[in-house]
Amino acid sequence: MCVQLQYIRAIAALLVVYFHAILQLQKLNPDAWLSPYLFGKSGVDLFFVLSGFVMWITTSDKPLTVADFWWKRVRRIVPLYWAVTLLAAGVSLIIPQMLKSTQFDLPHILASLAFLPWINPSDPDHYMIAPLIVPGWTLNYEMYFYLLFGLCLVVPVRHRIAALVALIGSIFLLCNLAPVNTATRFYGDSVIFEFVAGVFLGQIYKKGVSMPGPVVAAMVAIGFAALMFNDYLEIDLPRMFTIGIPAVVIIFFATSIRIPDTKSWRWLRILGDASYSIYLTHIFTLAGSRMIYPHAISILHSDTLFVVLMMVISTLAGIASYYVFEVPVGRMLSSVNLPRDSRVVPVQNA
């Protein structure tokens, strides 16, 4: 797999951390010069397109069963997410003032663990669909996509993308035609098509499309400029168009050039490896940073340095989580195999 994907993962995670760090700063000091520069949620869209891309390039040329595919995704996503969700539930029960957007509510906690869309009880307007770990709303989409993508593995590879588009498109249309409720709002959001776009990019990549280095550098730079500019403007259009399209441009051009693994930037690759841990754990470090803000600012004398400090601490905590929890647990679960008779055998990729 091309090393550029890890670089993009690293950048995506840092964008999300910056976004939440600025949200914290706005609450702590609305007059700080950095407070108006709120962007970074677009890191999520990069993750969505990347997920579709990776799922295609890792499954299109191998006879993977549905059960095996789902099990690999479960063991990758669930352990850390359940751990931080249960930790947040405990914190919300014992130290409720620490996590402002978290409220102990048993049905909400169970829905969060099951990756089901649910109204977050901490939202005063009772409108926000988000799990206990608010950034985990993206994982609800990830697991939904994995569920549907896994089902399509029984379809021959030459028809698989068409089947996936038909399946996701049908559910999308049904949700938009049905009465409005939490489920139809969530599954009827066009953001799900960012995963589909990633799948198409994966198919293009497998065909060996390549671009000259200068073109790649220019288009990736333009893509990131458009991504962050549209993110900052918050244009009143579906994010699939305003942010999703630049994300697609970035990943298409970034993967259209081959970089030898020996020439990779090790530190950026480590951040990419740890991006999932950084993404899930940063709310705890940011919450802790918020609580020490008066003391920190008296030493730093700069809100900008405080934001940098929050990002550095969040990144280091995420890397620690990756090596202490994510890697050993993943290694342990990788040795667990499903019973042969529980597997759904895919149609031959003819």
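## Helix packing exercises

Helix α2 (residues 43-59) packs against helix α8 (residues 193-206) at an angle of about 45°, and their axes lie 6 Å apart. Keep in mind that this is a predicted model.

**Exercise 1.** Work out how α2 and α8 are oriented to each other, and which residues meet.

*Solution.* Start with the angle, which is about 45°. Angles under 35 degrees count as roughly parallel, and 65 to 115 as roughly perpendicular. The angle fits neither range, so α2 and α8 are oblique to each other. Next comes the handedness: the crossing of α2 and α8 is right-handed. Now look at the contact itself. On the α2 side, the residues include Phe48, Phe53 and Trp56, and among those they meet in α8 are Phe195, Val199 and Tyr205. Sorted by class, this contact has 9 nonpolar, 5 polar and 3 charged residues.

**Exercise 2.** Do the same for α3 and helix α12 (residues 275-291).

*Solution.* Here the angle is about 5°, with the axes 11 Å apart. Angles under 35 degrees count as roughly parallel, so that's the label for α3 and α12. Ile77, Leu80 and Tyr81 are among the α3 residues in the contact, and the α12 side includes Tyr276, Leu280 and Phe284. By class, you get 9 nonpolar, 2 polar and 1 charged residues.

**Exercise 3.** Check the span of helix α3 (residues 66-94), then find where α3 bends.

*Solution.* At 1.5 Å a residue, the 29 residues of α3 should span 42 Å. The end C-alpha atoms are 41 Å apart, which agrees. As for the bend, α3 turns by about 35° at valine 78, and proline 79 follows within four residues.

Methods: Residues numbered from 1 in each chain as written. Predicted model: local features only at pLDDT ≥ 70, side-chain atom pairs only at ≥ 80, totals over all residues. Heavy atoms only, no water. Helix = DSSP H or I, 4+ residues; strand = E, 2+ residues; numbered from the N terminus. Expected span 1.5 Å × (residues − 1). Bend = angle between axes of the 7 residues up to and from the residue. Axes fitted to C-alpha atoms, helices over the stretch in contact; angles between N-to-C directions. Parallel < 35°, antiparallel > 145°, perpendicular 65-115°, else oblique. Left-handed = near helix turned anticlockwise from the far one by under 90°. Contact = heavy atoms within 4.5 Å. Nonpolar A, V, L, I, M, F, W, Y, C, P; charged D, E, K, R; others polar.
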